[in-house]
Structure formats: structure tokens, C-alpha cells
Amino acid sequence: MSKTLADLRRDIDAIDDQILDLLNRRARCVIEVGRLKTGEKRDFHVPNREREIYERLTGANPGPFPNEAVRSVFREVISASLSLESPMKVAFLGPKATFSHLATLQQFGLSAELVPLKSISAVFEEVEKGRAYYGVVPVENSTEGVVSHTLDMFMDSELKINAEILLEVHHDLLSRTGRVEDIKKIYSHPQPIAQCRNWLEEHFPGVPLVDVASTAVAAQIAGEDYTAAAIASELAATMYDLKVVRKRIEDQVNNFTRFLVIGKKMAERCGDDKTSLMFLIKDEPGILYRMLEPFAKRGVSLSKIESRPLKKKAWEYIFFLDLAGHVSEPAVAEAVQELKGYCQFVKILGSYPRAK
Ligand SMILES: C=C(O[C@@H]1C=C(C(=O)O)C=C[C@H]1O)C(=O)O
């Protein structure tokens, strides 16, 4: 005889009791891990361990519970666990409901105390002064390029990169009524406007597009004026009580923004790591060519090279380099050592697990 609704709900209650019991057993282990880390002065947030957990569970999941939900559930289990080890305060480039906020939630979950700050330099300062444990700042977008202010901050800061976050960026059109015919003006940050230009020309020709400081400010304006629409994130719709007129209006699919988690220590090696460093080369002929040799001859692959003007002296440039590997690996350490011979200075900004 098949089970009744009441039978099934009794089964679910019994399973939930077991899940709760297991969550508490897990939490007691985590508290013990926190004690060990305090004694050994180790970092609480271990991104490579978290990645290992997600990969192991989603790889072994027989279903029907979907892998995306496994990730979300464990995101919150780990977030709460981390807060049991130590209250986790994380500063990010605000205001609320921006993509930095979404990236911070993706990495740290809902149990961390998230602090929105006004500028990238304020995020660095909050972590340097120890008022926040970590900071989250954007560093590059797959269509718009590098966030130069973040790179510049590393010139005078001793903070280390502890993790990277890759966020897939989607833009939604939001308004108070959710009705196309009410929309007389569209507000957003210039970047999202540029990223949705073709869609806007096709669907809202002639409707004025207004640049504002952030997608969150745009959402706020749309919340106060029913004839205004905002291009912003899904999170902004929830936070500013707006309706979605149309989801995912970006012209370019595969639009990612990369964020860095900054803290006082870099991450331990996981086997699939990246290292970021900055250096100032000596002013000698052929130096640009030679600076890449230490990496090439050891088979260390470089994923990005960026130059920024050294503000203290005209026409001198600082280079930022991302490479595959952890600085504790001999090939990477030797290449960096050799690079020092061509440079006035070299600074390791951090080794951290590659985000997927
Ligand atoms: C428990 C640990 O600390 C944190 C919490 C984790 C968890 O809940 O599994 C995993 C990694 C750390 O960010 C750990 O390092 O193992």
C-alpha cells in the first residue's frame, strides 16, 4: 500500500531531525577546528578546503537533489560554521545590492557580517586596521577590463590576496510596477548601460538613459518613481522592493567579474593555485623581454600581465602579473627569485585557489 500524505510528512520530519542532529555534530567539529587554528595562529577562512568540499559533494551526488542546491545548502552550512570559529566581519565595496555584495555573499554566505563601504580604499583600510577580517574588491571584468584602482591600492598596502571570486554578471530591468508602458527613463551605472545597449535600443528606443553612481542608486530611484526603471541585479529587486520587467538583458553572454578577497594572510596551497605579484623593472635595454624568461624556462604559465604608471615618477611603470602555481612551489619560487635580479622591487600579492 502506498504511503499517505501524513505518512510522508512523518518520514520528512524524522529525516529533518537526523539532518539537524548531523548539522550540530558537524558544528561541534568546526568549533574544535577553530580552537586548533587559534592555537596555531592560522587563518579561519580556508578557501581551498571549501572548494574541496563542494567538489567532493557535487561529484558524488547521486540526485535527485540538484547539485546547484547542494552548493547553496553547503554555502550556508560553511558560512555558519565559519562564524562559529570566529565572528566573520567582511567589508565590501558598497552600497548594498551591487555586484560586489553578490560576490561577497557567494563567497561568505549569510552568516557573515557584511559591511558595505564607500570606496575600494576604505575596504583596504578596514582590513588593515583590523576592523574587518576580510575585504572584497572587484579587480576585472571580462568585457570592460581591469579595475585600476584596486591594482593601485596594492602599491602601498601589505594586505594579501586570500581568494578570488568569479561572479557571472546578469543585468535585470526593474521597476515599481513591472509594466513596460510606465517606463519613461532608465537609470544605471555607465557599465551596465554599455553592456545592455543593443537590447535597450531594440526594446526602449528613444527612452532616455541616465548614468548614476551605482546600480543600487538606480534601484533606489526606481523605488521612488514608478516611471523610472533601473538596470540592476536580482538582489536589488528584493532589497528595493521592485518588480522584474525583464531578466538578463545583457547583450553579451559570458560576462564575468573577478573579485579579490583581501586579508592579512595568503591561502595555503591546494594544487590548482594562482599567484599574483607586482614588480618594478630596472631601466635597461631588453629588460621587458628578459623579465618573462624566468617563467618561460621553468614552464610556469602566465595568465595576465598588466602595467600601471608609477605615480611617484613619470614614465615608469609597475607590472602586475598572474601566474599558475603557488609561491611555495619550487618552480614559482625560483622564477620569482630570478625576476628579482631584473627588478628594483618585487612584491608577492598572494597565492590562492583558482576560482572555477
Ligand atoms: C572547518 C574549517 O574552517 C572553515 C569552515 C569550513 C567548513 O565548515 O567545512 C571549511 C573551511 C574553512 O573556511 C576548516 O578549515 O576545516
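**Exercise 1. Work out whether the span of α1 agrees with its number of residues in this predicted model.**

Step 1. Helix α1 holds 36 residues, and the expected span of a helix is 1.5 Å times one less than its number of residues, so α1 should span 52 Å.

Step 2. The end C-alpha atoms of α1 are 52 Å apart, which agrees with that expectation.

Step 3. Turning to burial, where a residue needs 20 or more other C-beta atoms within 10 Å of its own to count as buried, the count of buried residues in α1 is 0, and the helix is hardly covered.

Step 4. Just after α1, the chain reaches K41, which takes a positive phi of about 55 degrees.

**Exercise 2. Place α1 in the context of the annotated domain and describe that span.**

Step 1. UniProt, in an unreviewed entry, places the feature "domain: Chorismate mutase" at residues 1–89.

Step 2. In the model, residues 1–89 are 78% helix and 1% strand, and the end C-alpha atoms of this span lie 53 Å apart.

**Exercise 3. Identify the residues around the ligand, and state which elements supply them.**

Step 1. The shell around the ligand consists of V30, V33, H45, V46, R49, E50, I53, I78, S81, L82 and E85.

Step 2. The elements that give two or more residues to this shell are α1 (5–40), α2 (47–60) and α3 (67–85), and the largest share, 4 residues, comes from α3.

Step 3. Sorted by class, the shell has 6 nonpolar, 2 polar and 3 charged residues.

**Exercise 4. Determine how the buried residues of α5 are arranged around its axis, and what they pack against.**

Step 1. Helix α5 covers residues 120–128, and its residues I120, V123, F124, E126 and V127 are buried.

Step 2. These residues cover an arc of only 160 degrees around the axis, which puts them on the same side of α5.

Step 3. The general background is that an α-helix has 3.6 residues a turn, so residues three or four places apart point the same way.

Step 4. The buried residues of α5 pack against four strands and a helix, namely β1 (89–93), β2 (113–117), β3 (134–141) and β11 (256–263), together with α6 (148–156).

Step 5. After α5 comes G130, whose phi is positive, near 80 degrees.

**Exercise 5. Describe the protein as a whole.**

Step 1. The protein has 13 helices and 15 strands, and its C-alpha atoms fill a box of roughly 80 × 60 × 35 Å along the principal axes.

Step 2. Of its 356 residues, 35% count as buried.

Step 3. Among contacts with a separation of 6 or more, 74% are between residues 24 or more positions apart.

Note on methods
Residues are numbered from 1 along each chain as its sequence is written. This is a predicted model: local features need pLDDT of at least 70, side-chain atom pairs count only at pLDDT 80 or more; totals for chains, interfaces and linings use all residues. A residue is near a molecule or strand if its C-beta atom, placed from the backbone, lies within 6 Å of it. Ala, Val, Leu, Ile, Met, Phe, Trp, Tyr, Cys and Pro count as nonpolar, Asp, Glu, Lys and Arg as charged, and the others, Gly among them, as polar. A residue is buried if 20 or more other C-beta atoms lie within 10 Å of its own, exposed if 12 or fewer, and partly exposed in between; C-beta atoms are placed from the backbone. The arc is that of the directions from the helix axis to the C-beta atoms. Two residues are in contact if their C-beta atoms, placed from the backbone, lie within 7 Å. UniProt positions are given in the numbering used here, feature names are shortened, and annotations may be inferred rather than shown by experiment.
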